[in-house]
Amino acid sequence: MNPQSQPFAVGGVAVKLTGNLPGLPSPLAYSSDNGEYEFPDLPAGSYALDATLEGFKPVTRKITIVAGQDLIENIQMQFKEIRQKVEV
């Protein structure tokens with residue numbers, strides 16, 4: 001969200017899937033400048049989707065991949081609260 005509370009695309013978000021891939025590393029993708037990411041050829045099943053980017057709160061969601069269907073999962077990230085202490 002930007003200061004005017006309007007959603008906008010963010011590039012460079014690390015999107016990781018865990019679960020349903022025994023013995024294999026968790027797939028990792030990065031969002032493009034227009035906010036898109038893709039995990040091709042995943043087996044059907046349940047996964048945890050984790051999205052992280054410096055300066056934003058991490059997002060975790062449970063998703064289910066169904067064989068033969070595409071899944072579009074839009075992720076809305078929120079800015080982290082920044083606290084600064086100034087001493088004079």
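This tour moves through a predicted model, from its sheet to its largest pocket, its largest nonpolar core and one loop residue.

**The sheet**

Begin by displaying the strands as a cartoon. Four of them make up an open sheet, ordered β2-β1-β3-β4, with antiparallel pairing. Select residues 28-30 for β2 and 59-65 for β4; these are the edge strands, and each of them pairs on one side only. Looking across the sheet, neighbouring strands are turned against each other by 25° on average, direction ignored. As background to what is seen here, strands of a sheet pair through backbone hydrogen bonds, in either a parallel or an antiparallel arrangement.

**Strand β1 and its two partners**

Next, select residues 14-18, which form β1. Towards β2, this strand runs antiparallel and is joined by three bridges. To find one position in this pairing, colour Val15 and Ala29: Val15 stands opposite Ala29, which belongs to β2.

Now add residues 45-52, the strand β3. Its antiparallel pairing with β1 extends over five bridges. A useful marker here is Thr18, whose bridge partner in β3 is Ala48.

**The largest pocket**

Turn on a surface and locate the largest pocket, which holds about 830 Å³ of space. Its lining comprises 33 residues, and those closest to the centre of the pocket are Tyr37, Leu71, Ile72, Glu73 and Asn74. Select these five to centre the view. The strands β1, β3 and β4 also take part, each supplying at least two residues of the lining. Colouring the lining by class gives 21 nonpolar, seven polar and five charged residues.

**The largest nonpolar core**

Hide the surface and show side chains for Leu17, Tyr47, Ile63 and Met77. Within the largest nonpolar core, which has 14 residues, these four touch the most other members. At least two residues of this core come from each of β1, β3 and β4. These strands thus appear at two stops of the tour, as each of them also supplies at least two residues to the lining of the largest pocket.

**A loop residue**

Finally, return to β1 and follow the chain into the loop that lies between β1 and β2, where Asn20 is found. Is this residue buried, exposed or partly exposed? Asn20 counts as partly exposed because its relative accessibility is 35%, and the partly exposed class lies between under 20% for buried and over 50% for exposed. To close, select Glu54 together with Asn20: the two are 34 residues apart in sequence, and their C-alpha atoms are 27 Å apart in space.

Terms used. Residues are numbered from 1 along each chain as its sequence is written. This is a predicted model: local features need pLDDT of at least 70, side-chain atom pairs count only at pLDDT 80 or more; totals for chains, interfaces and linings use all residues. Side-chain values use heavy atoms; hydrogens and water are left out. Two strands pair if DSSP finds at least two bridges between them. Helices (H or I, at least four residues) and strands (E, at least two) are DSSP runs, numbered from the N terminus. Axes are lines fitted to C-alpha atoms, for helices over the stretch in contact, and angles run from 0 to 180 degrees between N-to-C directions. On a 1 Å grid over the protein atoms alone, a cavity is a set of points where a 1.4 Å probe fits but cannot get out, and a pocket is an open set with protein on both sides within 12 Å along at least five of seven lines; lining residues have an atom within 4 Å of a point. Grid points are joined across faces, edges and corners, and a volume is the space filled by probe spheres set on the points. Ala, Val, Leu, Ile, Met, Phe, Trp, Tyr, Cys and Pro count as nonpolar, Asp, Glu, Lys and Arg as charged, and the others, Gly among them, as polar. A nonpolar core is a set of buried Ala, Val, Leu, Ile, Met, Phe, Trp, Tyr and Cys residues joined through side-chain atoms within 4.5 Å. Buried means under 20% relative accessible area, exposed over 50%, partly exposed in between (1.4 Å probe, protein chains only).
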